[in-house]
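Biologist: I would like to learn how to read a structure like this one. Please show it and start with a helix.

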Protein chains: 2
Amino acid sequence: MISRSAKITIVGLGLLGGSYAKGFFNAGYRNVYGIDIDEEAIAFAKKYGWIKEGGDDVNLVKDSDIIISALYPTTFISWVKENQHLFKKDCILTDVTGIKEEVMKEIRSFLRSDVEFIPCHPMAGREYKGIHYADPSLFFDANFIIIKDENTSSRALEVAQDIAKILKFKHVVTLNAKQHDEMIGFLSQLTHVIAVSLMNVNDNTNLAEYTGDSFRDLTRIAKINEDLWPELFLLNKENLSKEISSFVDELNAFKKLLEEEDKEGMKEKLIQSTKRRKKFDEEAL
Amino acid sequence: MISRSAKITIVGLGLLGGSYAKGFFNAGYRNVYGIDIDEEAIAFAKKYGWIKEGGDDVNLVKDSDIIISALYPTTFISWVKENQHLFKKDCILTDVTGIKEEVMKEIRSFLRSDVEFIPCHPMAGREYKGIHYADPSLFFDANFIIIKDENTSSRALEVAQDIAKILKFKHVVTLNAKQHDEMIGFLSQLTHVIAVSLMNVNDNTNLAEYTGDSFRDLTRIAKINEDLWPELFLLNKENLSKEISSFVDELNAFKKLLEEEDKEGMKEKLIQSTKRRKKFDEEAL
């Protein structure tokens with residue numbers, strides 16, 4: 001397990017970075033540092049003792065055994081490029097970015113050879129931004145995905161697994177970056193595009209009084225961080241674009257059955273979706 | 001309020017009919033009859049005292065002051081056509097059908113002039129079928145929609161409102177049939193088509209272990225009654241087809257922004273959906 005005396009620096013104290021900081025604090029880690037340009041976020045984390053020290057000074061990263069970036073993807077890449085000369089030899093760098101292939105390729109293209117980057121994706125979030133909403137219980141029901149390939153050292157893998165344990169993630173999975181991004185393109189990005197589009201298709205706010213759980217469930221994630229998600233969508237453009245196309249094809253196929261009054265055809269679609277969703281429930285237990 | 005001694009007959013003791021029977025029972029009504037071709041459903045309702053008497057004999061409907069059909073739409077129409085000669089003069093007929101304009105037009109085209117039909121839509125359901133899942137608490141959080149036009153008598157309206165009160169619906173709304181069907185085409189039918197299509201677009205059951213709440217929320221209603229819903233879709237073909245088209249256009253517009261790497265355009269979409277969904281939350285309080 002990661003030593004309690006290890007110096008851990010979290011870069012970016014937003015919702016996720018803050019939840020990491022609080023989670024490490026709850027697990028007894030007292031040598032955690034925070035870097036953020038937002039003074040208020042630093043003051044908040046210090047007030048509760050989640051970080052030992054913090055500020056906007058990048059020199060705080062010096063001597064860190066583990067550096068965790070909780071920055072947005074493009075900011076993460078430029079931050080590492082600018083500041084990696086300060087990193088301790090043999091330190092482990094990890095992140096929370098929601099898309100992996102592009103980010104990993106970029107970081108690896110310039111990262112010092114004596115520093116190892118192990119990309120991680122904590123599959124947890126909220127519709128709110130900022131450290132004030134930090135809450136490590138976000139993780140208790142969530143998956144923690146570690147990106148592993150032939151270059152991943154067992155030491156780095158162990159650090160990533162330890163982070164998942166310390167923060168009490170429910171389930172730890174290892175995937176390669178390509179598998180990860182395809183899966184996210186479908187399960188997470190397509191679903192968010194659907195929810196957003198369902199809210200945007202017409203001004204339906206006047207219908208609020210009539211809605212039941214269905215519409216509410218389908219649009220809950222239409223409240224979305226407008227700065228982060230377009231970045232993630234663009235980093236996974238090809239997968240997401242393909243997923244939207246397939247989904248549109250499926251909708252049009254259903255529409256065709258409807259217009260042709262093909263009751264049996266629609267029934268088959270409903271039988272298939274019911275069967276899959278039930279199987280899905282069982283497998284997820 | 002509907003008198004406790006009124007004879008009420010529920011035709012079709014499935015999930016909804018059964019929940020109505022149990023709800024009337026809970027409210028102290030002891031003169032409720034049930035008609036169903038399924039002996040087991042009748043036996044179940046009788047065992048718990050939800051109905052005084054029941055069976056597959058249509059003569060049970062005689063002398064009823066209120067007839068409530070909980071049949072599927074097309075069965076409802078043919079059942080009334082075949083058995084209306086047994087109806088008591090001046091009785092009130094109501095239903096639970098999810099689509100109104102077509103059903104109302106059909107029923108009114110042949111209904112005896114001394115019987116009044118007041119269409120109602122209890123906006124509640126489950127993914128399960130059958131009286132064994134009957135549960136009037138389904139209604140406590142739900143809307144009860146009464147279809148009203150220039151031919152609706154105040155007596156019939158009162159009966160419908162009383163039913164909503166007896167069954168403890170949260171909210172009672174009156175609409176005309178056209179408004180109702182347009183609203184349902186968007187809020188309920190389109191959302192179900194989306195959920196079904198998302199499950200059907202590819203065999204994603206292997207992804208179960210990676211999913212978070214988003215995908216689960218969007219596909220919960222993909223477990224769906226395959227006999228009932230195609231009927232409802234066909235009865236609302238034009239509205240639903242139009243809704244699917246508009247939604248596909250919205251998805252394609254988003255895809256275009258993605259492919260053109262229009263980050264600002266995507267951001268605007270996300271800001272709009274967030275704003276609407278928040279307003280929607282407020283209005284629904």
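Modeller: In helix 9 of chain A, the buried residues are A:N239, A:L240, A:E243, A:I244, A:F247, A:E250, A:L251, A:F254, A:K255 and A:L258. Buried means that 20 or more other C-beta atoms lie within 10 Å of the residue's own; exposed means 12 or fewer, partly exposed is in between, and C-beta atoms are placed from the backbone. Helices (H or I, at least four residues) and strands (E, at least two) are DSSP runs, numbered from the N terminus. This is a predicted model: local features need pLDDT of at least 70, side-chain atom pairs count only at pLDDT 80 or more, and totals for chains, interfaces and linings use all residues. Residues are numbered from 1 along each chain as its sequence is written, and chains are lettered from A and ligands numbered from 1 in the order in which they are written.

Biologist: Why do residues three or four places apart point the same way in an α-helix?

Modeller: An α-helix has 3.6 residues a turn, so residues at that spacing point the same way.

Biologist: What span should helix 9 of chain A have, and what is the distance between its end C-alpha atoms?

Modeller: The expected span is 1.5 Å times one less than the number of residues. Helix 9 of chain A (residues 237–259) has 23 residues and should span 33 Å; its end C-alpha atoms are 32 Å apart, which agrees.

Biologist: Which residue with a positive phi follows helix 9 of chain A?

Modeller: Most residues other than glycine have a negative phi. A:E261 is not a glycine, yet its phi is positive, about 55°. A:E261 sits in the loop between helix 9 and helix 10 of chain A. A:E261 counts as exposed because it has 12 C-beta neighbours inside 10 Å. In chain B, B:D63 also has a positive phi, near 65°. B:D63 lies in the loop between strand 3 (53–55) and strand 4 (66–69) of chain B, and with 13 C-beta neighbours inside 10 Å it counts as partly exposed.

Biologist: How many helices and strands does chain A have, and which domains?

Modeller: Chain A has ten helices and nine strands. Its domain assignment, automatic or from a database, gives domain 1 (8–175) and domain 2 (180–283). The centres of these domains of chain A, taken over C-alpha atoms, are separated by 31 Å. In chain A, 15 residues of domain 1 are in contact with twelve residues of domain 2; contact means that the C-beta atoms of two residues, placed from the backbone, lie within 7 Å. On the side of domain 1 of chain A that touches domain 2, helix 4 (101–110) is among the elements giving two or more residues. Helix 4 of chain A supplies the largest share of that side, three residues.

Biologist: How many residues of each chain take part in the contact between chain A and chain B?

Modeller: Chain A gives 74 residues and chain B gives 74 residues. The largest share of the side of chain A that touches chain B, 15 residues, comes from helix 10 of chain A. The copies meet through the same surface, because 100% of the interface residues of chain A are also interface residues in chain B.

Biologist: What turn and shift lay chain A on chain B?

Modeller: Two copies of a chain are related by a rotation about an axis and a shift along it. Here a turn of 180° and a shift of 0.0 Å along the axis lay chain A on chain B with an RMSD of 0.0 Å. The two copies are thus related as by a two-fold rotation axis. The superposition is by least squares on the C-alpha atoms of residues with pLDDT of at least 70 in both copies.
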